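Me: I should like to go through the internal spaces and the cysteines of this protein with you. Please reason briefly before giving each result.

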Amino acid sequence: MNRLFVTLLLSALTTMAAQAQQHKLWYSQPARHWLEALPVGNSHLGAMVYGKTDTEEIQLNEETFWSGSPHNNNSPEAKAHLQEVRDSIFAGKEEAAHAIIDKYFFKGPHGMRFLPLGSVKLKLGHDEVSDYKRQLTLDDALCTTSYIYKGVKYERTVFASQADNAIIVHLKASKKGALDLNVAFESPLEAKVSPLSVSGKKPYLHQIYATVKNVEQEGIRGGLTTDCRVEVKADGEVKIDGYELEIDDATEVTLFIVAATNFVNYQDLSGNPTKKNNQVLGSIRGKTYKKLLKAHFQKYQEQYNRVSLQLTRQTSETSTTSSLPTDQRLAAFDGTDLDMVSLMMQYGRYLLISSSQPGGQPANLQGVWNNKMDAPWDSKYTININAEMNYWPALIGNLAETQEPFFSMIRDLSETGAKTAQEMYGCKGWMAHHNTDLWRIAGPVDGTTWGMFPTGGAWLTTHLWQHYLYTGDKQFLADYYPIMKGAADFLLDYLQTYPANGYIKEAAGWLVTAPTVSPEHGPVGKKTTVTAGSTMDNQIVFDVLSQTLAAAKILGKDESSIINLQSSIKKLPPMQIGRYGQLQEWMQDGDDPKDEHRHISHLYGLYPSNQISPYSHPDLFTAAANTLNQRGDMATGWSLGWKINFWARMLDGNHAFRIIKNMLNMIPYTTEWGPRGGTYPNLFDAHPPFQIDGNFGCAAGVCEMLLQSHDGAIHLLPALPDDWQTGEVKGLQARGAFTVSMRWTNGSLQEATITSKIGGTLRLRSYVPLQGKGLTPATGSCPNPLFASATIREPLHSPELTDLSLLPIKKVYEYDIETTPGQTITVRQP
C-alpha cells in the first residue's frame with residue numbers, strides 16, 4: 001500500500017468522521033409551521049417541537065387516540081351480487097361491474113381517523129433573542145433549543161423516553177432564578193383542563209390534568225377518552241393561574257408529560273387511563289433528570305446504534321453545504337453533500353424507532369404525528385403499499401422488533417377479516433382490502449377505484465415470511481403460520497378459473513382474482529380500475545401461496561393442503577411482456593408508455609418480492625427497466641421512495657441516486673397539497689401532503705443499494721453509485737440471519753465482515769474477487785433455503801413485440817462458506 005493511498009484513505013476517514021457528526025437536523029429560527037417542527041416519539045406518544053421563544057408549543061399525539069369506537073364496515077349485500085360482478089368482468093364489461101360494486105359493496109363507514117390530542121404551551125415571553133439554535137440529534141434522540149435573552153442563556157431539551165413511557169421537557173437558565181413561565185394545555189377537541197398545585201408537605205405535586213374526548217365519525221359514536229397529565233418539577237415557586245400553572249424564579253424546570261386512553265384492543269374500551277398515568281408518574285416522579293436521561297439513552301441507542309453509514313464523494317473533496325442549517329442544506333442539495341443521504345437513511349430509522357415499538361400500535365400514514373382534526377386520508381393504514389412501505393427498513397436496517405405492532409395488527413385483521421371474507425365473499429380464511437384503522441376494519445373503503453383491492457391482507461402476511469427469512473426463527477413461523485394459511489385459504493376460495501369464453505382469450509384456464517384492481521390505476525380503453533387478475537395480484541397470490549407451502553413443509557403441517565397449493569400455483573397467470581417492451585400491468589396489454597402514474601404496482605415482483613431476477617429471467621428484468629423508464633423519475637414522495645428500491649433491485653445505483661436527488665427537493669411548508677414529491681424543511685416526506693412512508697422507503701432504498709439478499713446470495717454493494725466513491729456501512733441485516741459490515745474505496749469493495757447468528761451456508765456475491773479463510777467458489781443453487789430465489793412460470797411475450805434488447809448484466813463472483821452460530825468471517829479483495 002503506497003504512502004499516497006494511505007494519506008488519501010486517512011483523509012477520507014477523517015472526512016467521514018466529521019460528517020458523522022452532521023447526523024442532526026438543526027435550524028437558526030423557530031418553526032413557523034408544523035412542517036418545520038421537529039418530531040420526538042416513543043411509539044406510544046408523539047410530539048412535534050416548535051422551538052419558539054415567546055410561547056413554545058409541544059404538539060401531542062397518543063397512538064390509540066382515534067375517532068369512533070369498535071365496529072366493522074362489511075357490506076351484507078356484496079355476496080349476493082358477487083357472481084354478477086364476475087360475469088361482467090369476464091365479459092369485458094368492467095364499467096358495469098364497477099357500478100355494481102359501488103352500489104352493493106360499500107355500505108359501511110370508510111374508516112376512522114387519527115386525532116391530535118392537543119398541545120402543551122410554555123409561555124415564556126422571550127420576544128427578542130440572539131444566538132438562537134434548535135436541533136434534533138439522531139444519535140441520542142434529543143430535541144434542544146437554546147438562545148440568549150437579556151443576557152441570560154436559556155436551554156430547553158425535549159425527549160420521548162421509551163424507558164419511562166413519558167415525554168420529558170427540561171428547561172434551564174444560566175442565571176439563577178431567571179426562569180419564569182406559564183404552562184398550559186390546549187386541545188382542538190372537547191377537553192376539561194384542571195390545574196393542581198399542592199405545596200408545603202413533600203412531595204410537592206404540581207399538575208395540569210386534562211381529559212379529552214374523541215369524536216364520532218360517519219355515525220360511529222366516539223368511545224375514547226384520553227387522560228393527559230403535565231407534571232411540573234421546579235426549583236422555583238409554582239402556583240395556579242387560572243387554567244395554567246405559573247412558575248416563577250426558577251433556574252431549572254422539568255415537565256413530565258404522560259397520556260393514555262381507555263383503549264385495550266380493537267374491541268375492548270375498558271381500560272383505565274387515569275390508573276395508567278398514575279403508574280407512569282409514580283415510577284418517574286422520584287428520578288432525577290440525569291437518571292431519566294441516562295435511561296432514555298440506553299433504551300434508544302441500543303436500537304439506533306446498530307447501524308452506521310458514512311459516505312464521501314471523493315477523498316479530496318468535501319461538500320460546502322453540509323454545515324448549513326438543515327432547511328438551507330436541503331434547498332442547496334445538488335448530490336455532492338453525501339452525508340445528507342446517510343442522514344436521510346438514519347432519519348428513517350429514527351422515525352421508525354420513535355413510532356413503532358413492541359406493545360404499541362403500528363406506524364400509521366404519518367407515523368405517530370398529526371396536528372390536524374382531519375388528517376389527509378385520515379392518517380389510516382393504507383395497505384395497498386403505504387403501510388407495508390413503513391416497515392421496509394425494519395429488517396435490513398436492523399430494527400426487527402419495530403415490526404411487532406405491525407404483526408399484532410395483522411393478527412387482529414386475521415380475526416376481523418375472517419368475518420369480511422365470509423360475509424362479503426362466502427370464502428374461508430381471512431382478507432382485508434386496501435385500508436384499515438385502529439378498529440381493524442377489513443371491508444372496502446373510499447369507493448371502487450381504490451377500495452376493490454382484495455389482496456391487502458394477503459400482502460401483509462408476506463412480511464411474516466420475510467421476518468422468518470431474516471431470522472430463521474421457526475418458533476415465530478409456527479406462531480404465525482395459521483395467519484399465513486388463513487390468507488392462503490381465502491385466496492384459494494376467491495380465485496376463479498378464467499372462462500374459455502372470456503374476452504381475454506389467452507387467459508382461459510388461469511386462476512385469477514376477480515373482482516380486483518391494480519391499485520388506483522386502470523388500463524387504456526377502460527374507464528375503471530376494476531379487472532381480473534391484475535399483475536400485482538398475481539404476484540401477491542404467488543408469494544402467499546408459495547410461502548404458505550414452504551412454511552407448511554418446514555413445520556410439517558397440513559399435508560393435505562400441500563397438493564392443492566402446488567396445483568393452484570401452477571395455474572396462476574405468468575407475467576407478460578407487452579408490445580412496448582414493458583411488464584404488463586394487466587392481463588390485457590393496456591399500458592400507456594407515456595403514462596407516469598405514481599403507482600407502479602406490477603413491479604411488486606421486483607421489489608419487495610423477488611420474482612424478477614436478472615439472473616433467471618433477464619427478459620423480465622429488462623421489461624421492468626422499460627416500465628420504470630416509461631413511468632419517469634418524478635412522482636409523489638412515497639412513490640419516489642419505492643422507485644429508489646426499484647432501481648436498487650435493477651442494480652443501477654446511479655439511477656437510484658438520481659431518484660434520491662429528486663426526493664431531496666425542498667417542498668416549502670406552504671405546499672400542503674401537490675403532484676410533485678419531495679421533502680419538507682423538517683425532512684418529512686412530501687407527497688405532498690406529508691406521508692411518512694416516503695421517509696421509510698428512502699431509508700430502505702439506501703440500504704438496498706448497499707446490500708441485497710433476496711436472490712440466492714448476499715450481494716455486497718449491488719447498486720453503488722459512481723458518486724459514492726468511498727464509504728463504510730456497519731450493521732445491516734441480510735436474510736439467513738447474517739449481520740454485514742463493509743468498507744469500500746474508489747467505488748470498489750475493500751473488506752466485508754459478516755457475522756452469522758444461526759449458522760448455515762453463507763453465499764456471497766460480489767463484483768470483485770474475494771478472498772477469506774474457508775471461502776470457496778460457489779457452484780449451482782445455494783443450499784441455504786433462506787436465500788432461495790423464486791421459481792416462477794416462464795413469461796409470455798406479446799406477438800407485437802418485435803425487439804427486446806436485454807440489459808447487460810455485470811459479471812459477478814460467488815463464493816460459499818459454511819458458518820456456525822456466532823461466527824464472524826472477514827473477506828477482502830485479493
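Me: Which residues line the largest cavity?
Reply: In this predicted model, the largest cavity has a volume of about 90 Å³. Its lining divides by class into 6 nonpolar, 4 polar and 2 charged residues. The residues that line this largest cavity are His33, Trp34, Leu35, Gln366, Asn370, Asn371, Lys372, Pro376, Glu672, Tyr680, Pro689 and Phe690.

Me: How many charged residues are in the lining of the second largest cavity?
Reply: The second largest cavity holds about 70 Å³ of space. Its lining is formed by Pro614, Tyr615, Arg649, Leu651, Gln708, Ser709, His710, Asp711, Ala713, His715 and Arg765. By class, 4 of these residues are nonpolar and 4 are polar, and the number charged is 3.

Me: How many cavities of 30 Å³ or more does the count give?
Reply: The largest cavity, at about 90 Å³, meets the limit of 30 Å³. The second largest, at about 70 Å³, meets this limit as well. With every cavity of 30 Å³ or more included, the count is 6.

Me: Which helix gives the most residues to the lining of the largest pocket?
Reply: The largest pocket contains about 990 Å³ of space. Of its 43 lining residues, those closest to the centre are Trp465, Leu469, Gln547, Asn610 and Ala788. At least two lining residues come from each of α9 (392-396), α12 (456-471), α14 (535-555) and α15 (559-570). With 8 residues, the element that gives the most is α14.

Me: How many residues of the lining of the largest pocket are nonpolar?
Reply: The lining of the largest pocket comprises 43 residues. Of these, 14 are polar and 7 are charged. The number in the nonpolar class is 22.

Me: Why does cysteine 698 form no bond with cysteine 703?
Reply: A disulfide requires two cysteine sulfur atoms within 2.5 Å. The closest cysteine sulfur to that of cysteine 698 is in cysteine 703, and the pair is too far apart for a bond. The same pairing holds from the other side, because the closest cysteine sulfur to that of cysteine 703 is in cysteine 698. The separation is 9.5 Å.

Me: Is cysteine 703 buried or exposed?
Reply: A residue counts as buried when its relative accessible area is under 20%. Cysteine 698 has a value of 2% and is buried. Cysteine 703 has a relative accessibility of 2%, so cysteine 703 is buried.

Me: How many disulfides does the count give?
Reply: The cut-off for a disulfide is a sulfur pair within 2.5 Å. The sulfur of cysteine 703 is 9.5 Å from its closest cysteine sulfur, too far for a bond. The number of disulfides is 0.

Note on methods
Residues are numbered from 1 along each chain as its sequence is written. This is a predicted model: local features need pLDDT of at least 70, side-chain atom pairs count only at pLDDT 80 or more; totals for chains, interfaces and linings use all residues. Side-chain values use heavy atoms; hydrogens and water are left out. On a 1 Å grid over the protein atoms alone, a cavity is a set of points where a 1.4 Å probe fits but cannot get out, and a pocket is an open set with protein on both sides within 12 Å along at least five of seven lines; lining residues have an atom within 4 Å of a point. Grid points are joined across faces, edges and corners, and a volume is the space filled by probe spheres set on the points. Ala, Val, Leu, Ile, Met, Phe, Trp, Tyr, Cys and Pro count as nonpolar, Asp, Glu, Lys and Arg as charged, and the others, Gly among them, as polar. Buried means under 20% relative accessible area, exposed over 50%, partly exposed in between (1.4 Å probe, protein chains only). Helices (H or I, at least four residues) and strands (E, at least two) are DSSP runs, numbered from the N terminus.
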